[in-house]
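The report that follows is meant for someone meeting this structure for the first time. Please keep the sequence and the model in view while reading.

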Amino acid sequence: MKKINTILWGLGFVVIAVAMGYYGFFYHNPQTSSPAPASGSGGPEMGKVLVKFETVQEADIRHSVLINGKLALNGTRIHQMSARVAGRVDRLNMVEGTKVQAGQPVAWLYSPEFIAAQNEFLLAMNTVRTLRQGSAGELQADAQATWDGARQRLMVLGATEADVAELERSGRVQPHLIVRSGISGSVIKRNVDPGGYLEVGGSLGTVADMSSLWFMGHVFDADLPLIRPGLEVAITVNGVDMAAPLLGKVSFISPTLDTDTRSVAIRVELNNVGEKLKPEMFARGEIHLGTRRLPVIPRAALVQDGAE
C-alpha cells in the first residue's frame with residue numbers, strides 16, 4: 001500500500017513540474033508573448049481604407065407609383081350563351097378554347113315549344129294568303145296581326161331574321177333551334193354536354209373577347225391621393241417577352257378600401273394584340289408623376305437593417 005502511494009505522489013509532482021515549465025515558456029518568451037498583428041486586420045490604416053467621405057448632393061429623381069396586380073377578362077366583352085326556350089341539346093359545336101365568330105352556330109336545341117311556334121307562324125301565313133283572295137279588309141288586318149305576332153315570337157325564342165325568312169320560303173318546320181354566338185372570341189367555359197337538357201335561361205357556355213383585357217391593380221391608401229382617372233400606366237407582365245411596357249390609362253378607381261391589404265383597386269384597359277396576354281397573369285404597373293429634387297447618397301453607403 002505504501003508503495004502505491006509513493007508512485008501516485010511521484011506522478012503528481014511530475015505533472016505539476018510540466019505545467020509550470022509550459023507556463024514559464026509561453027508567458028516569458030518575447031517571441032511568443034507578443035504575436036505580430038495579422039495582415040489585413042483592423043487598425044487606423046484599415047479604417048482609412050473602409051471609410052469614404054463624400055458630399056451629399058441633390059438630383060432630380062423620377063417620382064413614380066408602383067402598382068402590383070394581375071390581368072383579368074374585360075367585363076364588357078364577355079357573352080353568356082343561354083337558352084331562350086327549354087329543350088334538349090342534340091349537338092354542340094364548341095369546347096373550351098374554341099374560337100368562334102359572332103353569329104356562328106354553336107348548338108342545336110330540340111324544343112317542342114319552338115316547333116309549335118313555327119307551326120303557328122305557317123298557319124298564320126297561310127291564313128293571310130287565303131284572305132287576300134277577296135275577304136273583308138278587317139279580317140285581313142286581324143290575320144296579318146296574328147302573322148306578325150307569330151314572327152315576333154320566333155324572334156324572341158332565338159330565331160334570326162334569316163331563319164324566319166327560310167321558314168317562310170320553304171314552308172317546312174325545322175326540328176332544331178340553332179343557338180349562335182353573340183360575339184367573336186374564345187369559348188372559356190362550356191356548361192352542358194350533348195344530350196343535356198336546358199330550361200329557359202339555362203347557360204350553354206361563355207365566350208370572351210380576348211383582344212382586350214383589364215389590369216387590376218392595388219394602390220395603397222398612402223398613394224391614393226396621387227391617383228386619378230386618365231393617368232397613363234406602363235405595365236409589364238410576368239412571363240411575356242415585350243419590347244416595351246404596355247401603355248393604358250386608369251379607367252376606374254374603386255370607391256371602397258380593402259381593409260385586409262389597406263389598398264384600393266384600380267382598373268386599366270389593355271389592348272391584347274396577338275392575344276399573348278392571358279387572364280390571371282401577374283403584372284406590375286408604374287405611374288410616372290414627374291420628378292422631385294431630393295438629396296442622394298451613393299448606393300454603397302446604404303446599410304440594410306434586417307428586413308427594412
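Where is Arg 262 found? Arg 262 is found in the loop between strand E12 (246–253) and strand E13 (263–271), where helices (H or I, at least four residues) and strands (E, at least two) are DSSP runs, numbered from the N terminus. This is a predicted model, in which local features need pLDDT of at least 70 and side-chain atom pairs count only at pLDDT 80 or more, while totals for chains, interfaces and linings use all residues. Residues are numbered from 1 along each chain as its sequence is written, and side-chain values use heavy atoms, with hydrogens and water left out.

**Two loop residues with positive phi**

Most residues other than glycine have a negative phi. Arg 262, although not a glycine, has a positive phi of about 55°, and with a relative accessibility of 41% it counts as partly exposed (buried means under 20% relative accessible area, exposed over 50%, partly exposed in between, with a 1.4 Å probe and protein chains only). Glu 280 is likewise not a glycine and has a positive phi, of about 80°; Glu 280 lies in the loop between E13 and strand E14 (282–296).

**The chain as a whole**

The protein chain has six helices and 14 strands, and buried residues make up 27% of its 308 residues. Its accessible surface comes to about 20,500 Å², of which 57% belongs to carbon and sulfur atoms, the areas coming from the Shrake-Rupley method with a 1.4 Å probe. Among contacts (heavy atoms within 4.5 Å) between residues at least 6 apart in sequence, 74% join residues at least 24 apart.

**Helices H4, H5 and H6**

The table lists the crossings of helix H4 (residues 112–131) and helix H6 (residues 161–170), and those with helix H5 (residues 137–157). Axes are lines fitted to C-alpha atoms, for helices over the stretch in contact, and angles run from 0 to 180 degrees between N-to-C directions.

| Pair | Axes come within | Crossing angle |
|---|---|---|
| H4 and H5 | 8 Å | roughly 155° |
| H4 and H6 | 10 Å | roughly 55° |
| H5 and H6 | 9 Å | roughly 135° |

Angles under 35 degrees count as roughly parallel, over 145 as roughly antiparallel, 65 to 115 as roughly perpendicular and the rest as oblique. H4 and H5 are therefore roughly antiparallel to each other, and their contact has 13 nonpolar, five polar and four charged residues; here Ala, Val, Leu, Ile, Met, Phe, Trp, Tyr, Cys and Pro count as nonpolar, Asp, Glu, Lys and Arg as charged, and the others, Gly among them, as polar.

H4 and H6 are oblique to each other, and their contact is made by Gln 118, Phe 121, Leu 122, Met 125 and Arg 129 of H4 together with Val 164, Leu 167 and Glu 168 of H6. H5 and H6 are also oblique, with Trp 147, Arg 151, Leu 154 and Met 155 of H5 meeting Glu 161, Val 164, Leu 167 and Glu 168 of H6. By class, this contact of H5 with H6 has five nonpolar, no polar and three charged residues.

**The loop between H5 and H6**

Thr 160 is found in the loop between H5 and H6 and is partly exposed, with a relative accessible area of 26%. Not counting residues up to four places away in sequence, Thr 160 touches Met 155 and Arg 180. Thr 160 and Leu 177, which are 17 residues apart in sequence, are 9.9 Å apart in space, C-alpha to C-alpha.
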